[in-house]
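This report looks at salt bridges and at the packing of one pair of helices. The sequence and the structure come first, and the text follows.

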Amino acid sequence: MVMRLFCCLLLLSAMPLMAATKLEASVNKNPVLAGEFFILNITVDDTIKDEQPDTSMLLKSFVVGPTSLSTRTNIINGSMNKQTTWSVKLMTRREGEYTIPSFTVAGLSSQPITLKVAKRAADADKNNDIFLKTSLSSKSLFVQEAGVYTLKLYLAKELLDGSLGTPSMENAQLSQLGKQTEDYELVDGKRYLVITREYLIQPQKSGDFTITGPAFQGRVQQNYRQLEVSALGNDQQIEIKPIPSNYNGAWLPSELVSLDEQWQPEDNTVEVGTPITRTITLTALGVTKEQLPEISMPDITGIRSYPDQKENNNAVRNGRVVSQQIASYALLPQTPGTYTLPEIKLPWYNTKINRISFATLPERTITVIPSSNAANPVIINDSKNTNNQAAGQNSVDATNPQQIQSSAPLWLIVVAVLGYLLWIVTAIFYWVSRSTQNAHVATTTDKTPALPSLKNLLHAANKNDAKMFYSALNIYAKTVTKQNMGAIDTLCRAINDAELTNNVMQLQTQLYSNKKTTSDLTAIVKLLKKYQAQTLKSQQAVLKDLYH
């Protein structure tokens with residue numbers, strides 16, 4: 001017994017002295033199909049915590065997915081084996097022969113791997129349960145002209161979770177338009193759930209470019225099994241044309257630009273001091289709202305102009321970006337007369353006929369007449385004043401009082417009335433804003449969003465049930481992130497804690513990998529508790545600021 005205990009102590013004392021002696025790299029498939037994900041495993045025969053292989057060189061030839069880390073220690077007949085494995089998801093877009101380079105960890109290097117990639121059949125997705133389709137609103141655009149890229153993910157099986165990438169293009173800005181939509185579609189007699197996303201493309205440089213299709217990877221339920229699936233969107237070729245050398249002014253490439261206006265009141269004859277509201281609407285097809293130029297109101301002597309409201313917005317209609325600017329101006333005639341408001345002319349480049357065009361508003365003539373509310377002139381009794389002056393009197397005859405009417409300019413009356421109204425509106429606004437602020441504070445206090453309970457996670461962790469725990473974690477992540485697809489990955493990115501991410505990856509490896517490994521479920525719960533405590537502290541800080 002003493003001898004056995006001595007051997008164990010000797011073995012334990014020797015453990016720190018063990019060092020890595022071998023680094024191997026392998027793939028789970030070879031050859032693979034273009035557009036098909038496979039796993040690259042990099043394994044070292046020791047426990048490595050502070051170092052990991054550099055996989056950045058893989059980005060040149062592969063689509064690189066997430067990397068998971070697993071460690072394992074086995075003691076068999078007194079012999080101890082340690083192992084650290086990094087697993088990387090990879091995919092190639094095109095067929096050919098590729099070389100996965102060697103990696104270096106702990107002073108050891110792996111051997112390169114020659115990978116053969118076979119061409120994917122043209123009709124490979126015809127009867128597939130999951131596939132991607134991409135399309136463009138136009139195969140040819142001008143620099144800074146807006147185009148729409150549409151991505152559709154077709155799903156014929158129940159999706160458990162997944163991750164859908166984004167398209168990419170050199171020298172261009174791509175941003176998602178609105179939220180994704182879901183609908184159902186029949187393809188060759190098969191019913192698919194179709195998830196659609198639309199992206200705005202704004203090229204910044206001329207030339208021929210490729211929009212690289214996104215990749216999808218996920219898990220689906222098939223009978224009682226969970227299967228890993230992947231799909232690849234096809235690339236799109238696009239031509240970007242330069243700005244014509246003969247174009248002057250703000251660059252506005254579009255298929256259609258129009259100017260419209262509304263007047264209130266609509267009459268061409270108004271009185272002095274009567275406010276006129278002129279609303280100008282600029283609509284352009286194929287540009288973003290940020291590209292719409294400013295519309296300036298020309299100065300006219302005798303009529304004052306004040307900018308009122310301006311609103312820019314854009315939307316997608318029939319695969320085209322439609323942008324609109326609505327600007328209102330207040331015109332206030334000062335003196336009677338006839339006035340001609342000059343024509344407004346806006347240049348733009350017509351991408352349909354490839355020439356400069358103009359959007360115009362015609363000139364408009366208005367007549368300003370004196371105000372009908374003007375006061376009567378002053379009436380003075382000259383004879384009585386003469387008598388009073390002769391008698392050296394400074395008072396008015398009480399038996400024959402004179403009638404004096406004062407006349408003030410209309411603009412002074414209007415200013416006085418507007419000032420009085422402004423004072424009333426200010427008082428009302430102050431009272432309403434105080435009431436709204438108090439109500440907002442009360443509402444915020446009552447409706448501070450509560451984070452979901454960790455009870456189910458803790459229960460599964462205590463039972464050490466990894467499947468139950470992962471299901472509860474998925475529900476928790478969906479509640480926090482408000483996402484149905486890839487909620488756990490989104491939650492990990494939002495919390496941005498390396499320890500939490502590694503523990504979740506280890507849990508996924510335990511559930512869905514052939515490798516035998518274990519994960520620390522209790523550690524995940526503790527890290528989520530820490531996240532909830534920090535979130536609650538932030539919410540309390542916000543409420544505290546609202547009360548001050």
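## Salt bridges and a helix pair

K22 is partly exposed, with a relative accessible area of 46%, where buried means under 20% relative accessible area, exposed means over 50%, and partly exposed lies in between, for a 1.4 Å probe and protein chains only. E24, at 44% relative accessibility, is also partly exposed, and its side chain meets that of K22 in a salt bridge with an N to O distance of 3.7 Å. A salt bridge here is a side-chain nitrogen of Lys or Arg within 4 Å of a carboxyl oxygen of Asp or Glu, and by this rule the count comes to nine salt bridges.

The model is predicted, so that local features need pLDDT of at least 70 and side-chain atom pairs count only at pLDDT 80 or more, while totals for chains, interfaces and linings use all residues. Residues are numbered from 1 along each chain as its sequence is written, and side-chain values use heavy atoms, with hydrogens and water left out.

Three of the salt bridges are listed here with their closest N and O atoms.

| Acidic residue | Basic residue | N to O distance |
|---|---|---|
| E24 | K22 | 3.7 Å |
| D129 | K190 | 2.7 Å |
| E255 | R320 | 3.3 Å |

D129 forms its salt bridge with K190; because D129 lies in the loop between β9 (113-118) and β10 (130-136) and K190 in strand β16 (residues 190-203), the pair ties together parts that are 61 residues apart in sequence. Helices (H or I, at least four residues) and strands (E, at least two) are DSSP runs, numbered from the N terminus. D129 is partly exposed at 21%, and K190 is partly exposed at 30% relative accessibility.

E255 forms a salt bridge with R320, and since E255 lies in the loop between β21 (253-254) and β22 (256-264) and R320 in strand β26 (residues 320-333), this pair ties together parts that are 65 residues apart in sequence. The relative accessible area is 22% for E255 and 26% for R320. Salt bridges that share partners join D129, K157 and K190 into one network.

Turning to the helices, α4 (residues 455-463) and α5 (residues 466-481) pack at an angle of about 165°, with their axes 8 Å apart; the axes are lines fitted to C-alpha atoms over the stretch in contact, and angles run from 0 to 180 degrees between N-to-C directions. The two helices are therefore roughly antiparallel to each other, a term for angles over 145 degrees.

Notes:
Angles under 35 degrees count as roughly parallel, over 145 as roughly antiparallel, 65 to 115 as roughly perpendicular and the rest as oblique.
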